[in-house]
Amino acid sequence: NYGEFFVNKILQGDCLDVMKDIDNDTFDIIVSSPPYNIGINYNTYEDKKVDYIDWQVKVWEEAFRVLKPTGHLFLNIQPSRQNPLWCYELVSKLSWKLQNTIIWNKQLEIDNHIRGQGTSFQSEKYLPNGWEFIFHLTRKGNTKISQEKSGVPYQPKYAKENRERYNIGGIRPTVNTWYIPYETVGSGKISNDKLKGGHPAVFPRELVRKCIKLSGLENGTLFDCFAGSGTSLIAAKEMGLDYFGCDLDKDYVEFMKARLDKIEKPLEMWEKFGG
């Protein structure tokens with residue numbers, strides 16, 4: 001049962017098996033990204049399930065059970081060429097409600113230049129995909145979020161005018177389209193082992209920070225049932241939250257533990273909610 005055992009720990013194991021031993025209403029927030037069933041080369045997991053959507057429904061329904069009624073699930077998934085609508089199919093089968101649909105832009109074309117880093121892709125039929133979904137699910141679809149903590153500063157040129165117009169202090173509310181490039185932009189290849197530890201699919205920790213800011217949480221526990229390289233757990237620890245994660249692969253679990261051991265203290269408050 002839940003207690004100190006599930007605080008600031010990482011377990012190796014299948015997420016459905018791990019969650020069976022966790023009490024109802026345990027965690028405050030889940031930020032997670034499952035395998036996409038497109039044949040990615042993970043160490044242990046084979047990324048080709050015939051019953052993929054049914055399996056995902058089981059996972060997230062169990063995740064809802066261990067989330068508090070006031071909790072938030074931020075689910076990062078991506079459409080596939082074979083089935084562009086599978087993401088909506090999955091979400092439509094879940095019992096919790098879709099409160100916000102967020103587009104995570106990894107790379108954008110702006111003023112005739114590509115911002116962000118992506119994989120080299122050549123096709124006579126398809127454009128490279130520069131974005132993914134972040135589905136924000138809550139119990140009834142009306143859980144409060146924090147516009148203050150998730151907001152962004154006004155551009156200096158319009159700061160005074162906009163503060164007076166919108167009357168919300170020194171920030172502008174965030175929107176449902178976030179440009180957050182990979183952490184390795186400008187510093188080498190995406191498969192940088194210091195960030196990935198051999199894991200083939202990671203997201204930037206700023207993406208997790210943004211989700212935590214939107215939730216408004218300043219304490220509590222984040223859970224990631226597909227913890228992978230540990231990005232979500234690291235972001236939680238840096239933000240001053242507790243964490244719990246699990247993953248099927250032994251090497252990924254050891255890599256996560258080593259990364260987390262290197263974090264000595266949380267970010268300062270201005271960095272957590274102002275940076």
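Q: If a salt bridge is a side-chain nitrogen of Lys or Arg within 4 Å of a carboxyl oxygen of Asp or Glu, how many salt bridges does the structure hold?
A: The structure holds ten salt bridges. This is a predicted model, in which local features need pLDDT of at least 70 and side-chain atom pairs count only at pLDDT 80 or more, whereas totals for chains, interfaces and linings use all residues. Residues are numbered from 1 along each chain as its sequence is written, and side-chain values use heavy atoms, with hydrogens and water left out.

Q: Which parts of the chain does the salt bridge between Glu 218 and Lys 149 link?
A: Helices (H or I, at least four residues) and strands (E, at least two) are DSSP runs, numbered from the N terminus. The side chains of Glu 218 and Lys 149 meet at 2.9 Å, N to O, and the pair links distant parts of the chain, 69 residues apart: Glu 218 lies in the loop between helix 7 (205–215) and strand 11, and Lys 149 in helix 4 (residues 147–150).

Q: Are these two residues, Glu 218 and Lys 149, buried or partly exposed?
A: Buried means under 20% relative accessible area, exposed over 50%, and partly exposed in between (1.4 Å probe, protein chains only). Glu 218, at 38%, is therefore partly exposed, while Lys 149, at 17%, is buried.

Q: Where do Glu 132 and Lys 106 lie?
A: Their side chains form a salt bridge of 2.9 Å, N to O. Because Glu 132 belongs to strand 7 (residues 131–138) and Lys 106 to the loop between strand 4 (97–105) and strand 5 (108–110), the pair ties together parts that are 26 residues apart in sequence; both residues are buried.
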